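Thanks, everyone, for making the time this morning. Let me put the sequence and the structure up on the screen, and then I will walk through a few sites one after another.

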Amino acid sequence: MISITLPDGSVREYDKGITSMQIALSISEGLARNVLAAEVNGEVWDASRSIEEDSSVKLLTWNDAKGKATYWHSSAHLLAEALEALYPGTKFGIGPAIETGFYYDVDFGDKPFSSDDFKKIEDKVIELAKAKNEYIRKPVSKADAIAYFTEKGDEYKLDLIKDLPDGSITFYTQGNFTDLCRGPHIPNTGAIKAVKLMSVAGAYWRGDESRKQLTRIYGVTYPKASELTDYLHLIEEAKKRDHRKLGKELELFAFSEKVGMGLPLWLPKGTALRERLTNFLQKAQVKSGYEQVITPHIGHKNLYVTSGHYEKYGADAFQPIKTPQEGEEFFLKPMNCPHHCEIYKTKPRSYKDLPVRLAEFGTVYRYEQSGELHGLTRVRGFTQDDAHLFCRPDQVKEEFKKVIDLVLYVFAALGFDSYTAQVSLRDPNNKTKYIGTDENWALAESAIIEAAAEKNLTTVVEYGEAAFYGPKLDFMVKDALGRKWQLGTIQVDYNLPERFELEYTGADNQKHRPVMIHRAPFGSLERFVAVLIEHCAGNFPLWLSPEQFIILPISEKYEDYAKKLSDELKDSDICGLIDFRDEKIGRKIRDAEVKKIPYMLIVGEKEATEGLVSVRRHGTGDLGSMSIEDFKKQIIKEITV
Ligand SMILES: [Zn+2]
Ligand SMILES: [Zn+2]
């Protein structure tokens with residue numbers, strides 16, 4: 001007998017050689033039907049593989065990331081089987097699972113191939129899936145593996161086998177298709193109910209441009225047709241909300257090759273939106289005792305030698321700017337913290353002065369490879385809503401809790417009601433990656449964990465995800481489409497105060513080191529605006545809208561009334577514009593809808609004589625006519641909520 005430990009800690013006895021599928025069956029038939037694979041002592045195995053010794057076993061289903069990955073990788077084998085059936089002589093490279101779905105790199109020889117062939121292949125995949133063929137694992141010797149693929153004439157598989165040690169090679173067969181693979185796979189093809197081939201691209205064999213370019217076919221499969229439909233709908237919706245597309249349509253930001261890749265240009269409307277965000281945060285920060293500072297965009301090399309950034313990142317940063325005369329070296333600032341440490345040092349600090357909270361909307365520059373750049377989410381220059389809190393060790397936890405409050409206040413005000421937090425700790429097995437003493441790390445890590453617990457945050461703990469100078473708490477929000485984005489971050493740092501020799505005088509009249517907390521609720525304004533655009537599909541909350549209203553005069557005759565109305569609203573800090581174009585009112589309304597302007601105010605004869613406005617709300621429609629006073633009241637109420 002062997003002992004099997006399940007994730008809930010329970011231990012069950014089974015005969016040696018039991019499989020995970022049999023374990024699942026001994027628990028419930030319903031569970032067994034859903035089992036895709038199993039994690040045995042931390043390694044993902046086929047559910048049909050025998051377990052020979054005492055083990056811990058976690059059964060994997062569609063709800064586990066590793067279960068999904070196994071399912072999608074198995075689907076790649078099925079795609080290969082379909083391709084081989086439809087295009088005999090096709091050679092196969094690799095077919096891994098990816099974040100959503102899978103791909104297979106194949107060589108069709110000189111046969112043409114395009115996405116027009118997708119339907120035919122999808123039908124074949126479903127036909128083969130219905131056969132419920134098992135994925136059968138078979139260890140083979142290196143000689144036999146070479147013999148098999150030599151006869152088949154697949155040089156790619158032979159190239160892969162070349163690097164594998166004898167005794168480690170396995171084949172998997174389902175139906176008429178045999179592949180070289182270490183596995184694992186799902187029990188049989190029957191679980192694959194819906195398939196969609198997404199795209200086709202070129203991919204060099206082993207990523208080497210000097211080698212043959214293969215055809216990469218991307219696909220996705222689901223255990224239910226309705227799940228595939230939902231997924232395809234999500235993709236469509238995501239395309240419509242793409243911040244790069246909406247950013248252009250709403251005239252928020254732009255990029256120019258002349259200015260440089262990854263360097264966003266904020267257009268007037270985008271700037272208005274961004275300023276409202278910064279004003280909002282600044283106001284909340286002033287209430288929480290922050291002081292605003294401004295520092296330059298560059299810093300002397302010595303600053304970063306002191307901070308440790310030079311040693312750690314110098315080679316991968318924008319290279320230094322040199323002065324013509326003295327030959328001094330300056331770096332574009334990659335972060336604001338070293339500058340803020342120098343501000344802290346401008347005067348002696350006493351324990352009574354702490355915490356010192358220095359905030360700056362500081363623009364920083366980080367080198368990213370051009371292929372990595374993406375809209376506003378991956379850029380080379382961006383503005384952090386940064387602040388550094390210098391406090392006494394006994395204040396760390398309290399300060400940390402206050403920052404959590406601020407982050408949650410920001411999320412609530414912007415309609416992100418679903419979020420999780422990740423506690424990122426040091427990799428205990430690779431301590432050389434980090435600077436600072438073990439004792440300080442232990443202190444910082446427990447402060448974060450305790451503060452998060454006292455604020456009732458739902459957290460996951462990840463080892464090895466900490467910054468090199470300290471552990472951190474990262475916030476992930478879920479947007480309206482259920483996608484996760486990393487936004488705000490709070491980091492404890494015991495290291496920079498040490499490197500900059502920061503001090504305060506304690507109650508004991510001795511010198512002590514303050515502790516530093518870095519925090520940025522938005523992360524960066526660029527990334528935050530990108531996420532916000534996609535979250536609300538460009539329909540910003542009224543208080544953030546760059547244009548809150550547009551006045552649409554029915555004809556030239558009512559322009560004076562429109563101007564008077566506009567001035568009156570602007571006096572109450574409600575901003576917008578007038579559509580003076582000589583267009584039909586229907587056209588003016590349609591154009592305002594496209595621009596997603598929240599309020600459309602239509603003015604004609606009746607409105608002008610009676611001092612009224614005829615109000616339309618974007619996405620809602622006609623709200624009827626009301627007095628200017630009532631409209632102002634309504635809009636002010638909405639903004640303050
Ligand atoms: Zn495989
Ligand atoms: Zn910092």
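Let me begin with a question: is His77 buried or exposed? Bear in mind as we go that this is a predicted model. With a relative accessible area of 1%, His77 falls under the 20% limit and therefore counts as buried.

His77 brings us to the zinc ion (ligand 1), which is coordinated through NE2 of His73, NE2 of His77, SG of Cys181 and NE2 of His185, at 1.9 to 2.1 Å. The angles among the four donor atoms run from 90 to 125°, and the site is tetrahedral. Along the chain, the donors of this zinc ion (ligand 1) are spaced as H-x3-H-x103-C-x3-H. Two of these donors link distant parts of the chain, since His77 sits in helix H3 (residues 65-86), while His185 is in the loop between strand S12 (177-180) and strand S13 (194-204), 108 residues apart. His185 is buried too, because its relative accessible area is 0%.

Turning to the zinc ion (ligand 2), the protein donors there are Cys337 through SG, His388 through NE2 and His518 through ND1, and they lie 2.0 to 2.4 Å from the ion. Their spacing along the chain reads C-x50-H-x129-H. Cys337 belongs to helix H12 (residues 337-344) and His388 to strand S22 (residues 381-391), so this pair ties together parts of the chain that are 51 residues apart in sequence. Both Cys337 and His388 are buried.

Away from the metals, I would like to show you Glu534, which lies in helix H16 (residues 525-536) and counts as buried because its relative accessibility is 5%. What does the side chain of Glu534 reach? At 2.8 Å, it reaches the backbone nitrogen of His243. If we leave aside neighbours within four places in sequence, Glu534 is in contact with Arg241, Asp242, His243, Arg483 and Trp485.

The last residue for today is Lys91, found in strand S8 (residues 91-92), and this one counts as partly exposed, at 24% relative accessibility. Its side chain and that of Glu155 are joined by a polar contact of 3.0 Å. Again leaving aside neighbours within four places in sequence, the residues in contact with Lys91 include Asp105, Asp107, Gly153, Asp154 and Tyr156. To give a sense of the span of the model, the C-alpha atoms of Lys91 and Asp630, which are 539 residues apart along the chain, are separated by 72 Å.

Terms used
Residues numbered from 1 in each chain as written. Chains lettered and ligands numbered in written order. Predicted model: local features only at pLDDT ≥ 70, side-chain atom pairs only at ≥ 80, totals over all residues. Heavy atoms only, no water. Donors = N, O, S within 2.8 Å, 3.2 Å for Na, K, Ca; no water. Helix = DSSP H or I, 4+ residues; strand = E, 2+ residues; numbered from the N terminus. Buried < 20%, exposed > 50% of the residue type's maximum accessible area, 1.4 Å probe, protein only. Polar contact = N/O pair within 3.5 Å; in protein donor to acceptor, adjacent residues only side chain to side chain. Contact = heavy atoms within 4.5 Å. Tetrahedral: all angles 85-135°; square planar, octahedral: opposite > 155°, others 65-115°.
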